[in-house]
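Subject: Structure handover

Dear colleague,

I am passing on the structure we spoke about, and it appears just below. After it I set out what was found, beginning with the sheet and ending with a pair of helices.

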Amino acid sequence: MESRGISKAVIGRLPRYYRYLGELNEAGVERISSSDLSKKMHVTASQIRQDLNNFGGFGQQGYGYNVKYLRTEIGKILGLDQSHNMVIIGAGNLGQALANYASFARNGFILKGIFDVNPELKGKVIRDIPIRMMDELETVLQEENIDIAALTIPKTKAVEVSDILVRNGIKAIWNFAHTDLNLPKDVIVESVHLSDSLMKLSYNITRYKEEHGED
């Protein structure tokens, strides 16, 4: 799906721009050319200019980009100037790791609840958020104005839980379950298949070894 005519590839690069610009800003860099930014990001300067021109350009001929301003504007495009209430469903190792990720709050993602079916986890606190049981999920979804739900649960439960989320008005699901969700078109699903990334890494290291004669 494209957003306002902007390709998924361009949108996919925006978080990288935001991250690199954040690092430059923290290092005290005030402005940067597309050429210098391309060297850091391993994206061509023309690609950077084309990407940013989709949103108005933001640069000046002979001056380059104001780092702080460009990062702020990209943050607005990504919706990071707003807060998004979220819940995590599944308090296993991955769910707890996500809950402990401090950058969420800095970027406006406010964790409002963590849920699991394991009674042994009930009441355990992660970053001031107690783990609750699944029978409390619908109440929190309705009372806390939740925007995003992260699924870190077995695939056998993902469809059932996603149906509960949709029924309670959730429009954005961050899916770590090892299954693809078939949901209404107005529900946005971002699936993260960790094994896919590992297999791509396996492919690349295998090709590297073949090219360099390594066993």
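Before the strands are described, one term is needed: two strands are said to pair if DSSP finds at least two bridges between them. Please also keep in mind that this is a predicted model.

With that term in hand, V87 can be placed opposite A149 in β7, and I89 has L151 of β7 as its bridge partner. These contacts belong to the pairing of strand β3 (residues 84-89) with strand β7 (residues 148-151), which runs in the parallel sense over 4 bridges. Strand β7 also pairs with β8 in the parallel sense, again over 4 bridges, and there I148 stands opposite A172.

These strands are part of an open sheet of 7 strands, in the order β5-β6-β4-β3-β7-β8-β9 and with mixed pairing. The edges are taken by β5 (125-126) and β9 (188-191), each of which has a single partner strand, so one side of each is left without a neighbour in the sheet. Helix α8 (residues 155-167) packs on this sheet, where it touches β3, β7 and β8 (172-175), and the direction of α8 makes about 170° with that of β7.

Within β7, the residues I148 and A150 point one way while A149 and L151 point the other, and all of them are buried.

The largest nonpolar core has 20 residues, of which V87, I89, L151, L165 and I173 touch the most other members. At least two residues of this core come from each of β3, α7 (137-143), β7 and α8, and α8 gives the most, with 4 residues. Leaving aside residues up to four places away in sequence, I89 touches a list of residues that includes F115, M134, L137, V161 and L165. Apart from this core lies another, of 17 residues, among them L14, L37, I48 and I74.

The last finding concerns helix α2 (residues 34-41) and helix α3 (residues 45-53), whose axes come within 8 Å and cross at roughly 105°. Angles of 65 to 115 degrees count as roughly perpendicular, and α2 and α3 are therefore roughly perpendicular to each other. Their contact is made by S34, S35, L37 and S38 of α2 together with A45, I48 and R49 of α3, and these residues divide into 3 nonpolar, 3 polar and 1 charged.

With best wishes

How values were computed:
Residues numbered from 1 in each chain as written. Predicted model: local features only at pLDDT ≥ 70, side-chain atom pairs only at ≥ 80, totals over all residues. Heavy atoms only, no water. Axes fitted to C-alpha atoms, helices over the stretch in contact; angles between N-to-C directions. Parallel < 35°, antiparallel > 145°, perpendicular 65-115°, else oblique. Contact = heavy atoms within 4.5 Å. Nonpolar A, V, L, I, M, F, W, Y, C, P; charged D, E, K, R; others polar. Core = buried A, V, L, I, M, F, W, Y, C linked by side-chain atoms within 4.5 Å. Buried < 20%, exposed > 50% of the residue type's maximum accessible area, 1.4 Å probe, protein only.
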